[in-house]
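Reader: Got a minute to walk me through a model? Show it first, then I'll ask.

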Amino acid sequence: MARWEHGGGFSVDASVRIEATNCAGCERLLQYCARPPFALARLRERGPEHLLYERTKPRAKPANLV
């Protein structure tokens, strides 16, 4: 992750706030948190020990391969 364009890791927007009485906002947040880390529909079995994940965007080529 350290080689990623944004430096790796993750960021948090602390300015976003959901009041405890905002049921719709709380529900949206819980649905977002409950999502799997990747889409199972893009995962394909290539063999008994190999899986393939189809990306939605093409991967950028590293600078030394351009």
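**Salt bridges and the rest of the fold**

Author: Let's start with Arg-44. Arg-44 is partly exposed, with 40% relative accessible area. One caution: this is a predicted model.

Reader: Noted. Which residue forms a salt bridge with Arg-44?

Author: Glu-54. The closest N and O atoms of the two are 3.2 Å apart.

Reader: Where do Glu-54 and Arg-44 lie?

Author: Arg-44 is in strand β1, and Glu-54 is in the segment after β2. They are 10 residues apart in sequence, so the pair ties those parts together.

Reader: And Glu-54, how accessible is that one?

Author: Its relative accessible area is 36%, so Glu-54 is partly exposed.

Reader: How many salt bridges does the structure hold?

Author: Two. Besides the pair just discussed, the side chains of Glu-19 and Arg-17 meet in a salt bridge, at 3.2 Å from N to O.

Reader: Are Arg-17 and Glu-19 buried or exposed?

Author: Arg-17 counts as exposed, at 68% relative accessibility. Glu-19 is at 42%, so it counts as partly exposed.

Reader: Back up. What does the secondary structure come to?

Author: One helix and two strands. From the N terminus, the order is α-β-β. Helix α1 covers residues 23-33. Strand β1 covers 43-47, and strand β2 covers 50-53.

Reader: In what sense do β1 and β2 pair?

Author: Antiparallel, over four bridges. The two strands form a hairpin, with two residues between them. As for one of the bridges, Gly-47 is partnered with His-50 in β2.

Reader: Switching to rings. How many aromatic pairs does the structure hold?

Author: One. Phe-38 and Tyr-53 make an edge-to-face pair. The centres are 5.8 Å apart, and the planes are at 80 degrees.

Reader: Why does that count as edge-to-face?

Author: The angle between the planes is 80 degrees. The cut-off for edge-to-face is over 60 degrees, so the pair qualifies.

Reader: Where do Phe-38 and Tyr-53 sit?

Author: Phe-38 is in the loop between α1 and β1, and Tyr-53 is in strand β2. The pair links distant parts of the chain, 15 residues apart.

Reader: Is that pair of rings buried or exposed?

Author: In between. Phe-38 is partly exposed at 38% relative accessible area, and Tyr-53 is partly exposed at 33%.

Reader: Cysteines next. What's the disulfide count?

Author: Zero. Cys-23 is in no disulfide; the nearest cysteine sulfur belongs to Cys-26, 6.6 Å away. Likewise, Cys-26 is in no disulfide.

Reader: Why doesn't a sulfur 6.6 Å away make a disulfide?

Author: The two sulfurs would have to lie within 2.5 Å, so that pair does not count.

Reader: How accessible are Cys-23 and Cys-26?

Author: Cys-23 counts as exposed, at 62% relative accessibility. Cys-26 counts as partly exposed, at 27%.

Reader: Which residues form a nonpolar patch on the surface?

Author: Ile-18, Leu-29 and Tyr-32. Together they have about 290 Å² of accessible area. Leu-29 is in helix α1. At 43% relative accessibility, Leu-29 counts as partly exposed.

Reader: Last one. What share of the chain counts as buried?

Author: 3% of its 66 residues. The chain's accessible surface comes to about 7,000 Å². Carbon and sulfur atoms account for 57% of that surface.

Key. Residues numbered from 1 in each chain as written. Predicted model: local features only at pLDDT ≥ 70, side-chain atom pairs only at ≥ 80, totals over all residues. Heavy atoms only, no water. Patch = residues over 30% accessible without salt bridge, like charges linked within 9 Å, V, L, I, M, F, W, Y side chains within 5 Å. Areas by Shrake-Rupley, 256 points an atom, 1.4 Å probe, with all protein chains shown as cover. Salt bridge = Lys/Arg side-chain N within 4 Å of Asp/Glu carboxyl O. Buried < 20%, exposed > 50% of the residue type's maximum accessible area, 1.4 Å probe, protein only. Pairing = 2+ DSSP bridges. Phe/Tyr/Trp six-rings, centres within 6.5 Å; stacked < 30°, edge-to-face > 60°.
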